[in-house]
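Colleague: I should like to go through this model step by step, with the reasoning behind each value. May I put my questions to you in turn?

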Amino acid sequence: MWKPNQPGSNSPSTPEPVRPTPAASPNYEASPTRQASVGSATPASAVPTGEQATIGKSLIVKGELTGSESLYIDGKVEGAINLPGNRVTVGRNGQVAANIVAREVVVLGKVRGNCQASDRVDIRSEGSLTGDVIAARISIEDGAFFKGGIDIRKPGGTDLKGGTATSAATPGPEPVTTQA
């Protein structure tokens with residue numbers, strides 16, 4: 001029987017490999033592309049670009065966020081978020097007061113603003129969204145809070161512009177002409 005302090009046996013057979021610990025912000029999205037293996041070394045493997053930026057709990061961002069990678073928000077963001085080809089995830093501690101333009105929006109925290117997604121908007125059971133939604137698909141779990149309008153657009157029917165979702169969601173009144 002082998003004992004850890006036994007002399008003469010310096011190396012145990014097949015040591016357990018050191019696995020990197022996941023980032024402080026776990027990916028709460030269950031996706032078919034993500035493998036269901038314990039101890040996966042790449043927690044952001046469900047993100048198509050392979051990159052995911054994180055705004056931590058203690059961070060406050062005021063202004064416009066643009067980029068070409070997915071974003072996980074666990075802090076506070078005020079302004080505009082424009083990531084048209086990527087996922088924006090608002091974590092449980094996240095508080096967002098911004099219009100969001102993305103491929104996919106997942107809400108676990110609080111969002112005040114309009115969401116425009118080329119694919120889908122997903123409001124989880126602990127999430128809260130106050131604002132209008134423009135998306136091809138929307139999912140609202142039991143227990144989630146939503147207040148606003150929903151505009152379902154066919155995929156590929158409209159392109160996402162860097163502007164706010166309100167301009168597309170609330171068109172102005174059409175002029176009325178009468179002939180005598």
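Colleague: Is Ile 150 buried, partly exposed or exposed?

Modeller: This is a predicted model, and the values I give are computed from it. Ile 150 belongs to strand β12, which covers residues 150–152. Buried means under 20% relative accessible area and exposed means over 50%. Because its relative accessibility is 44%, Ile 150 counts as partly exposed.

Colleague: Which residues form a nonpolar patch on the surface, and how much accessible area do they have together?

Modeller: Ile 150 is one of the residues of this patch. The others are Ile 140 and Ile 152. Together, Ile 140, Ile 150 and Ile 152 have an accessible area of about 260 Å².

Colleague: What pattern does the protein chain follow along the sequence?

Modeller: The secondary structure of the chain comes to one helix and 12 strands. Read along the sequence, the strands are written before the helix. The pattern is therefore β-β-β-β-β-β-β-β-β-β-β-β-α.

Colleague: What share of the residues in the protein chain is buried?

Modeller: A residue counts as buried if its relative accessible area is under 20%. The protein chain has 180 residues. Buried residues make up 34% of them.

Colleague: Is Ile 100 buried or exposed, and how far is its C-alpha atom from that of Asn 82?

Modeller: Ile 100 is found in strand β5. Because its relative accessibility is 0%, Ile 100 counts as buried. Ile 100 and Asn 82 are 18 residues apart along the chain. Their C-alpha atoms are separated by 6.1 Å.

Colleague: How far apart in space are Pro 84 and Glu 104, C-alpha to C-alpha?

Modeller: Pro 84 lies in strand β4 and is partly exposed, with a relative accessible area of 37%. In sequence, Pro 84 and Glu 104 are 20 residues apart. In space, the distance from C-alpha to C-alpha is 8.5 Å.

Colleague: With which residue does Glu 104 form a salt bridge, and what is the distance between the closest N and O atoms?

Modeller: A salt bridge needs a side-chain nitrogen of Lys or Arg within 4 Å of a carboxyl oxygen of Asp or Glu. Glu 104 is buried, and its partner is buried as well. That partner is Arg 103, and the closest N and O atoms are 3.0 Å apart.

Colleague: Where in the chain are the two residues of the salt bridge between Asp 119 and Arg 137, and how many residues apart are they?

Modeller: In this salt bridge the closest N and O atoms of Asp 119 and Arg 137 are 3.0 Å apart. Asp 119 is in strand β7 (residues 115–123), and Arg 137 is in strand β10 (residues 137–140). The pair thus links distant parts of the chain, at a separation of 18 residues.

Colleague: Why do Asp 119 and Arg 137 count as partly exposed?

Modeller: The partly exposed class lies between the limits of 20% and 50% relative accessible area. Asp 119 falls in this class because its relative accessible area is 21%. Arg 137 falls in it because its value is 45%.

Colleague: What is the N to O distance in the salt bridge between Asp 151 and Arg 153?

Modeller: Asp 151 is partly exposed, with a relative accessible area of 25%. Arg 153 also counts as partly exposed, at 22% relative accessibility. Their side chains meet in a salt bridge with an N to O distance of 2.9 Å.

Colleague: Which residues are joined into one network by salt bridges that share partners?

Modeller: By the 4 Å rule, the count comes to eight salt bridges. Some salt bridges share partners and so join their residues into one network. The network consists of Arg 87, Arg 103, Glu 104, Arg 120, Asp 122 and Arg 124.

Colleague: Which elements give two or more residues to the lining of the largest pocket?

Modeller: About 160 Å³ of space lies in the largest pocket. Its lining includes Lys 76, Gln 95, Lys 110 and Ser 128. By class, the lining has four nonpolar, three polar and four charged residues. The elements that give two or more residues are β4 (76–90), β5 (95–107), β6 (110–112) and β8 (128–130).

Key:
Residues numbered from 1 in each chain as written. Predicted model: local features only at pLDDT ≥ 70, side-chain atom pairs only at ≥ 80, totals over all residues. Heavy atoms only, no water. 1 Å grid on protein atoms, 1.4 Å probe; cavity = no way out; pocket = protein on both sides within 12 Å on 5 of 7 lines; lining within 4 Å. Points joined across faces, edges and corners; volume = space filled by probe spheres on them. Helix = DSSP H or I, 4+ residues; strand = E, 2+ residues; numbered from the N terminus. Nonpolar A, V, L, I, M, F, W, Y, C, P; charged D, E, K, R; others polar. Buried < 20%, exposed > 50% of the residue type's maximum accessible area, 1.4 Å probe, protein only. Patch = residues over 30% accessible without salt bridge, like charges linked within 9 Å, V, L, I, M, F, W, Y side chains within 5 Å. Areas by Shrake-Rupley, 256 points an atom, 1.4 Å probe, with all protein chains shown as cover.
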